[in-house]
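Colleague: I would like a close look at one part of this model rather than a tour of the whole. Please take a single stretch, say how its residues are placed, and then work outward to whatever surrounds it.

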Amino acid sequence: MKQTIKIEGMSCAHCARRVEKALCAIPGVSAVVHLESATAELSSDGEIDFSAIERAVADAGYKAAR
């Protein structure tokens, strides 16, 4: 499954790396974060639980939106 989400609050490459690391820490999820578009492209073999994404992004200090 692939999904693109918006990430609010990123202002630099360090922010993007921090969010990417947090998202990739979710079991079974791989992510690529794009600072310019303030988005994250997620991929997984199964369904991606959006609440887990929100928690990981919030723990990194940012906000995820669909």
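Modeller: Arg 17 is a place to begin, and it sits in helix α1. Everything that follows is read from a predicted model. With a relative accessibility of 52%, Arg 17 counts as exposed, because the cut-off for that class is over 50%. Its C-alpha atom is 9.1 Å from that of Leu 35, although 18 residues separate Arg 17 and Leu 35 in sequence.

Ala 16 belongs to helix α1 as well, but its side of the story is a buried one: its relative accessibility is 9%. Leaving aside residues up to four places away in sequence, Ala 16 touches Met 10, Val 33 and Leu 35. Val 29 is another matter, since 16 Å lies between the C-alpha atoms of Ala 16 and Val 29, which are 13 residues apart along the chain.

From α1 the path leads to the second helix. The axes of α1 and α2 come within 9 Å and cross at roughly 140 degrees. That angle is why α1 is classed as oblique to α2; the antiparallel class would need an angle over 145 degrees. The crossing of α1 with α2 is right-handed. On the α1 side, the residues that meet α2 are Arg 18, Val 19, Ala 22 and Leu 23. Their counterparts in α2 are Ile 53, Ala 56, Val 57 and Asp 59. Sorted by character, the residues of this contact comprise 6 nonpolar and 2 charged, with no polar ones.

Helix α2 itself spans residues 50–59, and its buried residues are Phe 50, Ala 52, Ile 53, Ala 56 and Val 57. These buried residues lie on the same side of α2, because the arc they cover around the axis is only 155 degrees. An α-helix has 3.6 residues a turn, so residues three or four places apart point the same way. The cover over the buried residues of α2 includes helix α1 (13–24) together with strands β1 (2–8), β3 (39–44) and β4 (63–65).

Two other residues of α2 fall into the middle class of accessibility. Ser 51 is in α2 and is partly exposed, at 30% relative accessibility. Its C-alpha atom is separated from that of Ala 64 by 9.6 Å, with the two positions 13 residues apart along the chain. Glu 54 is also placed in α2, and its relative accessible area of 37% makes Glu 54 partly exposed. From Glu 54 to Gly 28 the C-alpha separation is 16 Å, for a pair 26 residues apart along the chain. Just after the end of α2 comes Gly 61, which takes a positive phi of about 100 degrees.

Strand β1 was named among the elements that cover α2, and Gln 3 is in that strand. At 18% relative accessibility Gln 3 counts as buried, since that class takes in values under 20%. When residues up to four places away in sequence are not counted, Gln 3 touches Ala 40, Glu 41, Leu 42, Ile 48, Phe 50 and Ile 53. Phe 50 and Ile 53 are among the buried residues of α2, and Ile 53 also takes part in the contact with α1.

One backbone detail remains, on the way into β3. Ala 38 is found in the loop between β2 (29–34) and β3. Phi of Ala 38 is near 55 degrees, a positive value in a residue other than glycine.

Methods: Residues are numbered from 1 along each chain as its sequence is written. This is a predicted model: local features need pLDDT of at least 70, side-chain atom pairs count only at pLDDT 80 or more; totals for chains, interfaces and linings use all residues. Side-chain values use heavy atoms; hydrogens and water are left out. Buried means under 20% relative accessible area, exposed over 50%, partly exposed in between (1.4 Å probe, protein chains only). Helices (H or I, at least four residues) and strands (E, at least two) are DSSP runs, numbered from the N terminus. The arc is that of the directions from the helix axis to the C-beta atoms. Contact means heavy atoms within 4.5 Å. Axes are lines fitted to C-alpha atoms, for helices over the stretch in contact, and angles run from 0 to 180 degrees between N-to-C directions. Angles under 35 degrees count as roughly parallel, over 145 as roughly antiparallel, 65 to 115 as roughly perpendicular and the rest as oblique. A crossing is left-handed if the near helix is turned anticlockwise from the far one by less than a right angle, and right-handed if clockwise. Ala, Val, Leu, Ile, Met, Phe, Trp, Tyr, Cys and Pro count as nonpolar, Asp, Glu, Lys and Arg as charged, and the others, Gly among them, as polar.
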